[in-house]
Amino acid sequence: MRVAVISDIHANLAAFTAVLNAASTEVDEWWCLGDLVGYGPDPEDCVELARKICRIILAGNHDLAACGKMDVSDFSHHARKAMEWTWNHISAESKAYLATLPTYQRYNGVLLSHGSPRNPVWEYIMSESDALDAFRDVSFTHCFFGHSHLPSAFILKKSLGKSTIQVFYGEGNKLIDTSAGSNRYLLNPGSVGFPRDAQDAHGSDTLDAAIARYALYDTDLKQWSFRRIHYDMRETAERMYSYGLW
C-alpha cells in the first residue's frame, strides 16, 4: 500500500489541493499528522477536504485551540491572532469534529504523532538531541511526525553495541529505505501549507511558485520519499492580507 503522509496544512486550501492533485493517482491512503487549521484563510474547506480523503487525521495544537480544548495564551502573537479569526470562520460541526481527534495513533506498524511522541501537542523534534530523547523514551520502530514544518529524517543505527543518528533535512525527493529491522526511524514530511525549510534547489519560493511539502510511504517496501510541489499562492496571500492574517 502506498500512503501520502501530510501535515500542517494550516488552512491553506491552495497548497492542500496542489498536493492532492499531485499525489492522488499514486496513493491508496492519506494520513494527516495534524494542524488542519491556523494561519491560513480556509479552515472550513481544509477540514472538510481532509475528512473526505484521509484515513487517519491527528489533532495538532492549532486544531485543539480551534475547538476550545487548548488555551492560546502560549501561542505566538501571530498564531493567536490567526486563531481568533479562525474561531469565527469555522463551523460548530467542524469544531466538534476536531475535538474528537487523537494527537497520536499507532496504525499499520507505524506510530503517528503530531509532534514528538513524548509530547505530541507541543514538543518539537528539530535536532539530533530532540530525536535521541524520543528514541529513548518511547517505543517504536517507525514514527511519522509533524509540527516543526521541517522535512526531516532521524535514523537511529546500532552497530557493535554503539548507537549513532543519521540526519537529513529538506532532502528534495530523497528516497529513504526504512526496511532495516535493526534501525529506528523518525520521519517528518514537512508542511503542506507553510513550510519553514529553505528555498529548494529548483528555484526561489515565491508566491507564484510556493512550495508544498508531503511524503509518500510504501508500507510493503517500507520506503519513504520526500516530495514537494509548486503552486500559486498569490490569491491565498491576498486574502490573508485582507483578513489581517499576514
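Student: Which side chain makes a polar contact of 3.3 Å with the side chain of H114?
Tutor: This is a predicted model, so the distance is read from predicted coordinates. A polar contact needs an N or O pair within 3.5 Å. At 3.3 Å, the side chain of H114 meets that cut-off with the side chain of D35.

Student: What polar contact distance joins the side chains of H114 and H147?
Tutor: H114 has a polar contact with the D35 side chain at 3.3 Å. H147 also pairs with H114, side chain to side chain. The distance there is 3.1 Å.

Student: Is H114 buried or exposed?
Tutor: H114 sits in the loop between β5 (110-113) and α6 (128-137). Its relative accessible area is 0%. The cut-off for burial is under 20%, so H114 is buried.

Student: Where does S148 lie?
Tutor: S148 has 2% relative accessibility, so the residue counts as buried. The stretch that holds S148 is a loop. Its flanking elements are strands β6 (142-145) and β7 (152-159).

Student: Which backbone nitrogen does the side chain of S148 reach?
Tutor: Leave aside neighbours within four places in sequence, and S148 is in contact with Y124, I125, M126, N188 and R196. The side-chain link here is to another partner, at 3.2 Å. That partner is the backbone nitrogen of L150.

Student: Which residues of helix α1 are buried?
Tutor: Helix α1 covers residues 13-23. In an α-helix there are 3.6 residues a turn, so residues three or four places apart point the same way. The buried set in α1 is A15, F16, A18, V19, L20 and A23.

Student: Which elements do the buried residues of α1 pack against?
Tutor: F16 and V19 are among the buried residues of α1. The packing partners of that buried set include one helix, α2 (43-53). The full list is β1 (2-6), β2 (29-32), α2 (43-53), β11 (210-218) and β12 (223-231).

Student: Which residue caps the N-terminal end of α1?
Tutor: The cap uses a side-chain oxygen. That oxygen lies 3.4 Å from the backbone nitrogen of A14. The capping residue is N12.

Student: What is the phi of A11?
Tutor: A11 is found in the loop between β1 and α1. A11 is buried, with a relative accessible area of 0%. A11 is not a glycine, yet its phi is positive, at about 60°.

Student: What relative accessibility does Y39 have?
Tutor: Y39 lies in the loop between β2 and α2. Y39 is not a glycine, although its phi is positive at about 75°. The residue counts as buried, with a relative accessibility of 13%.

Student: How far apart in space are R55 and C32, C-alpha to C-alpha?
Tutor: R55 lies in the loop between α2 and β3 (56-57). With a relative accessible area of 45%, R55 is partly exposed. Between R55 and C32 the sequence separation is 23 residues, while the C-alpha distance is 8.2 Å.

Student: Which residues does R55 touch, not counting residues up to four places away in sequence?
Tutor: Touching means heavy atoms within 4.5 Å. By that test, R55 touches E29, W30, W31 and Y107.

Student: Which side chain makes a polar contact with the side chain of Q166?
Tutor: Q166 lies in strand β8 (residues 162-169) and is partly exposed, with a relative accessible area of 31%. Beyond four places in sequence, Q166 touches A153, F154, I155 and K157. The polar contact, at 2.8 Å, is with the side chain of K157.

Student: Why is the chain described as being as compact as a globular protein of that length?
Tutor: The secondary structure comes to 7 helices and 12 strands. For 246 residues the globule rule gives 18 Å. The chain is close to that value, so it is as compact as a globular protein of that length, with a radius of gyration of 17 Å.

Student: Among contacts between residues at least 6 apart in sequence, what percentage join residues at least 24 apart?
Tutor: Of the 246 residues of the chain, 55% count as buried. The contact count looks at sequence separation instead. The share joining residues at least 24 apart is 71%.

Note on methods. Residues numbered from 1 in each chain as written. Predicted model: local features only at pLDDT ≥ 70, side-chain atom pairs only at ≥ 80, totals over all residues. Heavy atoms only, no water. Buried < 20%, exposed > 50% of the residue type's maximum accessible area, 1.4 Å probe, protein only. Helix = DSSP H or I, 4+ residues; strand = E, 2+ residues; numbered from the N terminus. Polar contact = N/O pair within 3.5 Å; in protein donor to acceptor, adjacent residues only side chain to side chain. Rg over C-alpha atoms; globule rule 2.2 N^0.38 Å.
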